[in-house]
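Reader: I've got a protein model open and I'm not sure how to read it. Could you walk me through it, one feature at a time?

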Amino acid sequence: MTTPPSQPTAGDPVGWRAAAATGCPAEPGAVAMFGPRFINEDRSRLYRDMRRQHGAIAPVTLPGDIPAWLVLGYKELHQIAENPALFTRDSSVWNMWDSIPPDWPLMPMVGRQPSILYEDGERHARRSALVSDALSEVDPFELRNHAEQNADALIDSFCRLAEADLIAQYAKKLPALVLAKLYGFTDEEGAALVPSINAVVNGAADALEGRQHLQSSMGALLRSRAISPAADVSTRMQTHFNAGEFSSEEILEDMMVNIVAGHEPTADWIGNSMRLMLTDDRFSASLSGGRNSVAEAMNEVLWEETPSQNIAGRWTTRDTHLAGKRIRSGDLLILSFAGANADPQIRPDRSTFTGGNSAFLSFGHGAHRCPYPAQEIAEGIARTGIEVLLDRLPDVDLAVLPESLVWRPSPFLRGLESLPVTFTPTTALGAGR
């Protein structure tokens, strides 16, 4: 994962400058993914309106009026993800390259990078096995221990103040701290990485500096583990039986992808779940220590407010038809996990509680879906983080009206700008140690 080449400008809420570009005109009724409807409107209503007007695949535009397709259908998303020969991750086949300037703000999402995200076929399968195997050896008891310790330390920093922002002071820190520890960083090194990881994710003014810090720190860790192996993810990635097939740059890129992509959705999973529990009466038991309700709320979030909303993407390798639309060779398709989760063919009554149904597409589908061990790690961090918070601050309550909460202005991710809460002040655990 790389950072946008352009810096935020005044009046640009997402921190990306829309570069001018020309090319094939967008389909009639196309919605701008960085326009007011995606940024300001109720996202679920927007997906519903787009589906009503266009069906399972809707036309959208990207910065510079670059056309693309947004895949809203559950069945259609499955079909695309399971057919890499027709819908490839190789963006070199894109039919819009002649219209894309070098500093196009979404270049990091579509330009080929040396990471696992842009591989296909057998090489991707072997590379994916390396990552998955390295993550699968994470001890669940070790994971929970790291999550509990870091959660307690973060709560200690604000528990005596009677108020906090659970996004900035908690959710945006916990996953990065735990992941850094699992990869082999010390507690101090992990804490120093948190601002860099968040800068990369947010595309902020210091995003490039953050990426450079993350890259140099990861590189130093890999070099250290090559000399002195340890029981951590970075060691296992370098000593895997497939490791010799890939360059040190590729392994480094995959480590960066894993820690950045693992942090942000997990942070939003924590924040979105806490928002749901603090604003929805169905989950009031969670605030009295109901552990089952925590799991139910987390599952509900993956259906209703999944952190990973849309992802670019896939490119067609030849002309085809899908959901009644003619898709030209080289067209870009953006996969809408959020749209597919709300497909009325699988969820005809969205007022119904989803319970333990885990057929959501929030982790993707097909060869490029989030590896199962990574999902388990994310769930372990998020659930532990929420449970520890509720144990420590059992009377936590929203400090503002629910309707005043603001979502970050990103069409690709779903997370809150802040989650202000109040609670009865309590003693820091560290004070008695």
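Reader: Let's start with empty space. How many cavities of 30 Å³ or more does the structure hold?

Author: Keep in mind that this is a predicted model. Now the general idea: rolling a probe the size of a water molecule over the atoms shows where empty space is left. In this case, 2 cavities of 30 Å³ or more turn up. Take the second largest cavity, which has about 40 Å³ of space in it.

Reader: Which residues line the second largest cavity?

Author: The lining is made of Leu62, Leu106, Met109, Val110, Ala312, Leu332 and Phe412. Sort them by type and you get 7 nonpolar residues, with no polar and no charged ones.

Reader: Leu332 sits in a strand too, right? Which way do the side chains of β9 point?

Author: Yes, Leu332 is part of β9, which covers residues 332-336. Here's the general idea: in a regular strand the side chains alternate between the two faces of the sheet. In β9, Leu332, Ile334 and Ser336 point one way, while Leu333 and Leu335 point the other way.

Reader: And how many of the residues of strand β9 are buried?

Author: A residue counts as buried when its relative accessible area is under 20%. For β9 that goes for 5 of the 5 residues, so the strand is largely enclosed by the rest of the structure.

Reader: Which strands does β9 pair with?

Author: Look at β3, residues 66-71, which pairs with β9 in the parallel sense over 3 bridges. There, Val71 stands opposite Leu335. Then look at β6, residues 310-316, which runs antiparallel to β9 and is joined to it by 5 bridges. In that pairing, Arg314 has Leu333 as its bridge partner.

Reader: Okay, on to charges. How many salt bridges does the structure hold?

Author: General idea again: side chains of opposite charge can pair when their charged atoms come close. This structure holds 23 salt bridges. One of them joins Glu264 and Lys172, whose closest N and O atoms are 2.9 Å apart. Glu264 belongs to helix α12 (residues 248-279) and Lys172 to the loop between α7 and α8, so this pair ties together parts that are 92 residues apart in sequence.

Reader: Is Glu264 buried or exposed?

Author: Buried, because its relative accessibility is 2%. Lys172 counts as buried as well, at 9%.

Reader: What does Arg408 form a salt bridge with?

Author: With Asp268, and the closest N and O atoms are 3.0 Å apart. Arg408 lies in the loop between β10 and β11, and Asp268 in helix α12, so the two tie together parts that are 140 residues apart in sequence. Both Arg408 and Asp268 are buried.

Reader: Can you show me a pair to set against those?

Author: Try Asp187 and Lys181, a salt bridge with its closest N and O atoms 3.3 Å apart. Asp187 is partly exposed, with a relative accessible area of 46%, and Lys181 is partly exposed at 28%.

Reader: Which residues are linked in a network of salt bridges?

Author: You'll find Glu119, Arg123, Arg127, Glu250 and Asp254 linked that way.

Reader: One last thing: what is Ser196 in contact with, leaving aside its neighbours within four places in sequence?

Author: First find Ser196 in helix α9, residues 187-202. Ser196 has a relative accessible area of 9%, so it counts as buried. Leaving aside those neighbours, Ser196 touches Gly210 and His213.

Note on methods. Residues are numbered from 1 along each chain as its sequence is written. This is a predicted model: local features need pLDDT of at least 70, side-chain atom pairs count only at pLDDT 80 or more; totals for chains, interfaces and linings use all residues. Side-chain values use heavy atoms; hydrogens and water are left out. A salt bridge is a side-chain nitrogen of Lys or Arg within 4 Å of a carboxyl oxygen of Asp or Glu. Helices (H or I, at least four residues) and strands (E, at least two) are DSSP runs, numbered from the N terminus. Buried means under 20% relative accessible area, exposed over 50%, partly exposed in between (1.4 Å probe, protein chains only). On a 1 Å grid over the protein atoms alone, a cavity is a set of points where a 1.4 Å probe fits but cannot get out, and a pocket is an open set with protein on both sides within 12 Å along at least five of seven lines; lining residues have an atom within 4 Å of a point. Grid points are joined across faces, edges and corners, and a volume is the space filled by probe spheres set on the points. Ala, Val, Leu, Ile, Met, Phe, Trp, Tyr, Cys and Pro count as nonpolar, Asp, Glu, Lys and Arg as charged, and the others, Gly among them, as polar. Two strands pair if DSSP finds at least two bridges between them. Contact means heavy atoms within 4.5 Å.
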